[in-house]
Amino acid sequence: MGEGGQEKSFNFLQVLLEGSIAGGTAGVVVETALYPIDTIKTRLQAARGGSRIEWKGLYSGLAGNLAGVLPASALFVGVYEPTKRKLLETLPENLSAVAHFTAGAIGGIAASLIRVPTEVVKQRMQTRQFKSAPDAVRLIVAKEGLKGLYAGYGSFLLRDLPFDAIQFCIYEQLRIGYKVVVLLFHC
């Protein structure tokens with residue numbers, strides 16, 4: 001219900017746009033802040049027993065990665081928010097956790113179409129296999145086909161879809177619980 005007891009209408013395009021802007025901005029900020037740590041992790045995982053880790057270029061490939069993170073994060077939240085709202089309208093109130101879980105999974109599926117190629121390029125840039133993201137994309141596609149950009153897609157979904165679904169379900173349920181507690185203490 002809106003102000004004055006009037007029901008607020010669901011504006012899909014507005015929710016999509018707001019979610020896309022918020023998600024894209026959040027994704028870029030987080031990725032930029034944590035990129036050096038991710039680079040170190042990737043290099044440690046790629047290192048062969050006893051080889052030294054290269055500490056230079058911890059932001060190597062960030063620009064190319066942000067070119068994928070921005071639309072992937074925007075797409076995730078842009079799909080999550082309207083899906084969540086539609087499911088909350090459709091399902092009984094006691095199934096709100098199901099709505100949040102499902103919306104998180106659907107947002108994750110949509111974003112994975114961009115996230116996976118971005119991850120493939122990012123990891124290959126971090127391990128210094130390529131000098132630039134455009135070169136990486138061009139050479140991966142030339143050598144491995146479009147399928148090369150989706151290397152590890154299945155394992156990515158196995159890891160990230162449950163993560164997205166559970167994370168957003170818990171987040172939303174905690175928000176609901178917080179609002180209930182605040183209402184109880186203000187009454």
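Biologist: Let's start with residues 14-86: how far apart do the end C-alpha atoms of this span lie?
Modeller: Please keep in mind that this is a predicted model. The span is 79% helix and 0% strand. Its end C-alpha atoms are separated by 14 Å.

Biologist: Which residues does the UniProt annotation "repeat: Solcar" cover?
Modeller: The annotation comes from an unreviewed UniProt entry, and it may be inferred rather than shown by experiment. According to that record, "repeat: Solcar" covers residues 14-86 and 95-177.

Biologist: And for residues 95-177, what is the distance between the end C-alpha atoms?
Modeller: This span is 82% helix and 0% strand. From one end C-alpha atom to the other, the distance is 14 Å.

Biologist: Turning to the protein as a whole, what pattern does it follow along the sequence?
Modeller: The protein has 5 helices and 0 strands. Read along the sequence, the pattern is therefore written with helices alone, as α-α-α-α-α.

Biologist: What share of the contacts with a separation of 6 or more comes from residues 24 or more positions apart?
Modeller: The C-alpha trace spans about 65 × 35 × 25 Å along its principal axes. Of the contacts with a separation of 6 or more, the share from residues 24 or more positions apart is 72%.

Biologist: How much of the exposed area do carbon and sulfur atoms supply?
Modeller: Buried residues make up 35% of the 187 residues. The protein exposes about 11,800 Å², and the part supplied by carbon and sulfur atoms is 66%.

Biologist: How far apart are the mean positions of the positive and negative charges?
Modeller: The protein has 20 positive and 15 negative charges. The mean positions of these two sets are separated by 12 Å.

Biologist: Now for some single residues: is Ser96 buried or exposed?
Modeller: Ser96 belongs to helix α3, residues 96-126. Its relative accessibility is 12%, and the cut-off for burial is under 20%, so Ser96 counts as buried.

Biologist: Which residue's side chain makes a polar contact with the side chain of Ser96?
Modeller: Leaving aside residues up to four places away in sequence, Ser96 touches Leu88, Gln173 and Ile176. The side-chain polar contact of Ser96, at 3.2 Å, is with Gln173.

Biologist: Which backbone nitrogen does the side chain of Asn11 reach at 3.1 Å?
Modeller: Asn11 lies in the segment before α1 (12-46) and is partly exposed at 36% relative accessibility. Its side chain reaches the backbone nitrogen of Leu13 at 3.3 Å. At 3.1 Å, the side chain of Asn11 reaches the backbone nitrogen of Gln14.

Biologist: How far apart in space are Asn11 and Ala22?
Modeller: Along the sequence, Asn11 and Ala22 are 11 residues apart. In space, their C-alpha to C-alpha distance is 17 Å.

Biologist: What is the phi of Arg128?
Modeller: Arg128 sits in the loop between α3 and α4 (133-144). With a relative accessible area of 45%, Arg128 is partly exposed. Although Arg128 is not a glycine, its phi is positive, at about 60°.

Biologist: And what distance separates the C-alpha atoms of Ala63 and Thr32?
Modeller: Ala63 is part of helix α2, residues 62-90. At 64% relative accessibility, Ala63 is over the 50% cut-off, so it counts as exposed. Ala63 and Thr32 are 31 residues apart along the chain, and their C-alpha atoms are separated by 9.2 Å.

Technical notes. Residues are numbered from 1 along each chain as its sequence is written. This is a predicted model: local features need pLDDT of at least 70, side-chain atom pairs count only at pLDDT 80 or more; totals for chains, interfaces and linings use all residues. Side-chain values use heavy atoms; hydrogens and water are left out. Helices (H or I, at least four residues) and strands (E, at least two) are DSSP runs, numbered from the N terminus. Buried means under 20% relative accessible area, exposed over 50%, partly exposed in between (1.4 Å probe, protein chains only). Contact means heavy atoms within 4.5 Å. Accessible areas come from the Shrake-Rupley method with a 1.4 Å probe; for residues, only the protein chains shown count as cover. Lys and Arg count as positive and Asp and Glu as negative; His and the chain ends are not counted. The place of a charge is taken as NZ of Lys, CZ of Arg, CG of Asp or CD of Glu. A polar contact is a pair of N or O atoms within 3.5 Å; within protein, one must be able to donate a hydrogen and the other to accept it, and residues adjacent in sequence count only if both atoms are side-chain atoms.
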